[in-house]
Amino acid sequence: MLNLLVSIKQVPDTTNIRINPETGTLIREGVPSIINPYDLIALSTACKLKQKYGGKIVVITMGPPQARLALKEAVEFGADRIILLSDRKFAGADTLATSYTLAETIKFLEKETPFDLYLFGKQAIDGDTAQVGPGVATRLGIPVVTYVNKIESIDLKEKTIILHRKTERGIEILRAKLPILITCEKELSHVPFVPFSEILKGIQSEPEVFTAEGPVFFERDKLGLKGSPTQVKKVFTPELKKQGSLYDLKEHSLNDVIGKILEILRAKGLL
Amino acid sequence: MKEVWVFIEQEENKIHPVSFELLGIANTLAEDLSGRIAGVILGSEVDNLAPEVLAYGAHKVYLVEHDCLKYYRHRPYAKALSDLAKKYHPEILLLGATPLGRDLAGGVATLLETGLTADVTELSIEKETGYLLMTRPAYGGNIMATIVCPHHRPQMATVRPRIFSVPERKENPKGEIIKEKIDLSEDLAGIERLNFIPKEKTVNLEYADVVVAGGKGIGGKREFEKLKELAELLSAELGASRLAVESGWISYEHQVGQTGKTVRPKVYLAFGISGAIQHRAGMQNSDFIIAVNTDKGAPIFKIADMGILGDWKVVAEALISALKKEKDK
Ligand SMILES: Cc1cc2nc3c(=O)[nH]c(=O)nc-3n(C[C@H](O)[C@H](O)[C@H](O)COP(=O)(O)OP(=O)(O)OC[C@H]3O[C@@H](n4cnc5c(N)ncnc54)[C@H](O)[C@@H]3O)c2cc1C
Ligand SMILES: Cc1cc2nc3c(=O)[nH]c(=O)nc-3n(C[C@H](O)[C@H](O)[C@H](O)COP(=O)(O)OP(=O)(O)OC[C@H]3O[C@@H](n4cnc5c(N)ncnc54)[C@H](O)[C@@H]3O)c2cc1C
């Protein structure tokens with residue numbers, strides 16, 4: 001049996017994001033919220049592991065009330081218990097405060113049954129820091145393996161796992177003792193097709209809601225904006241650099257244009 | 001005196017180029033703070049690297065050698081770096097935003113209970129306050145955010161490769177090398193490496209002088225062969241947009257952009273790439289951008305130094321034969 005914890009984040013679909021050019025802020029209206037794509041990989045991986053080894057999946061998320069929709073969707077992937085961390089006091093958290101809130105919640109949940117494996121996404125597509133996974137592992141005092149692209153095997157008796165990790169220079173094959181926290185790469189799993197019966201189960205489920213008041217005890221000054229050492233000072237839209245010359249091949253001869261390219265290459269010492 | 005620290009990323013006794021880039025920007029920051037620069041080297045049998053780090057501008061090197069640091073593992077590295085920082089209190093700690101640097105930084109910031117800004121592309125010191133201003137893209141490159149960490153030290157950031165240039169190498173550098181002992185164990189690591197499969201040919205896109213890149217407008221896998229031919233003639237690396245990668249025409253290693261690599265070649269040739277913001281995020285710092293596209297309104301033209309309105313294939317083929325002629329000369 002494996003006891004699995006998956007941490008997911010609801011994010012705006014950044015493909016559809018628009019910016020208000022005057023204020024430099026996001027226009028959230030009409031932008032759909034989705035489960036962070038890498039967290040879907042984490043969920044599908046947990047689901048596959050549960051099928052193979054047996055066990056339970058607990059899914060947590062911290063976010064505004066609407067993040068419950070992400071958790072309901074997680075039920076479609078086989079989540080057995082879903083928990084929403086939602087409170088004004090959690091809002092405005094940077095990764096240090098986020099990892100504190102998540103880690104304390106995990107420690108609370110572990111009083112019942114400790115987890116063997118914690119699955120996080122490689123990164124969230126909005127904040128994009130990839131810092132929360134390593135942060136939570138550090139607070140739990142367990143090893144972390146980031147960029148996991150394959151789980152080869154798990155030995156339930158010995159409580160060990162063999163996995164592949166993508167680095168800049170190749171693939172590492174690692175053996176680790178459980179419990180361990182991993183962050184998931186795209187190749188780790190396919191997101192399965194969800195049958196209608198499971199969708200129905202998702203619709204009918206409701207998450208447990210945890211707040212700053214309980215059931216987990218939090219130190220107040222470690223939460224949300226207050227517990228965040230980083231501050232966003234300014235937000236702006238990136239400047240475009242000045243436009244160069246445009247050659248329309250209907251008006252300029254191909255020969256001239258190629259000649260210009262060769263000139264540039266020569267000037268830069270590339271020919 | 002305030003210290004600006006650079007984590008020197010090394011694997012198998014080779015320093016990652018981003019570490020030299022960081023020594024360069026650290027120099028600017030240290031001047032503004034009237035402080036000093038220190039490089040931190042962690043590993044096993046790596047003391048030969050210390051003079052290199054001094055040669056690229058560090059005043060000091062902190063060196064920790066231990067068997068447990070032979071290859072990168074999160075926990076021993078995070079403990080070593082954070083223990084050093086607890087002892088010497090650096091003002092600023094910079095790491096490369098590489099897979100290794102990002103993995104390490106998240107743990108170190110947590111152990112130090114300080115703020116960490118990810119994937120930074122601009123760094124400066126605010127005159128009035130002396131704070132480090134860290135600017136980074138977010139929401140898929142749609143916005144830029146400037147982040148500060150006023151009340152916690154060190155101020156930490158991971159910095160994208162190829163944003164800052166490598167400083168000049170000094171001959172016979174002077175500086176201090178401080179060897180530190182840190183208590184580490186295999187038990188702490190919790191992970192052991194059974195095997196390592198190196199990439200067949202590492203794509204050296206980030207450090208290429210010329211990049212020939214193709215997008216969805218190329219039309220297919222076979223067409224990419226043409227770009228490959230052109231790339232070979234120019235000793236260039238092949239780049240691609242995400243749509244080209246997702247179409248299966250070329251592998252992910254070649255992807256340029258926010259979720260791919262950042263490149264900074266002398267010349268970037270973009271064929272059939274529209275120039276979405278996420279793509280531009282990875283190539284707009286190129287010295288010279290040449291873009292070929294059939295759509296006058298393509299956003300790539302807004303940042304191209306030379307735009308060519310026309311079919312990519314016509315231009316690529318003409319350029320190939322011109323280069324061949326050039327070689328025969
Ligand atoms: C413009 C902007 C810039 C920012 N820059 C920084 C910065 O440089 N440094 C910084 O510390 N913070 C920064 N933040 C705040 C940061 O986005 C939040 O702290 C966010 O809650 C977590 O960071 P992330 O989205 O980068 O997650 P990542 O660390 O990229 O997420 C990795 C994984 O952690 C898990 N996870 C992340 N968030 C949650 C959650 N809320 N609930 C459950 N699981 C979760 C998921 O499994 C996810 O796949 C920034 C915010 C904004 C708006
Ligand atoms: C979170 C996130 C991260 C992303 N990260 C990246 C990233 O890292 N890198 C990246 O590239 N994208 C990234 N994207 C995707 C990005 O938004 C664009 O979808 C993508 O860059 C478009 O690729 P393209 O220019 O090849 O295709 P298109 O936008 O379809 O453009 C094709 C172009 O080819 C031109 N064309 C067609 N035929 C010809 C011809 N015969 N000759 C010349 N030109 C022709 C067309 O006019 C058009 O401009 C990301 C998106 C998201 C949401």
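Colleague: Which handedness does the crossing of α4(A) and α4(B) have?

Modeller: This is a predicted model, in which local features need pLDDT of at least 70, side-chain atom pairs count only at pLDDT 80 or more, and totals for chains, interfaces and linings use all residues. Side-chain values use heavy atoms, with hydrogens and water left out. A crossing is left-handed if the near helix is turned anticlockwise from the far one by less than a right angle, and right-handed if clockwise; helices are DSSP runs (H or I, at least four residues), and strands are too (E, at least two), numbered from the N terminus. For α4(A) and α4(B), the crossing is right-handed.

Colleague: How many residues apart are E91(B) and R153(B), the pair that links distant parts of the chain?

Modeller: E91(B) and R153(B) form a salt bridge, with the closest N and O atoms 3.0 Å apart; the term covers a side-chain nitrogen of Lys or Arg within 4 Å of a carboxyl oxygen of Asp or Glu. E91(B) lies in the loop between α3 (74-88) and β6 (92-96) of chain B, and R153(B) in the loop between β10 (143-148) and β11 (155-159), so the pair is separated along the chain by 62 residues.

Colleague: Is E91(B) buried or exposed?

Modeller: Buried means under 20% relative accessible area, exposed over 50%, and partly exposed in between (1.4 Å probe, protein chains only). R153(B), at 32%, therefore counts as partly exposed. Because its relative accessible area is 11%, E91(B) is buried.

How values were computed: Residues are numbered from 1 along each chain as its sequence is written. Chains are lettered from A and ligands numbered from 1 in the order in which they are written.
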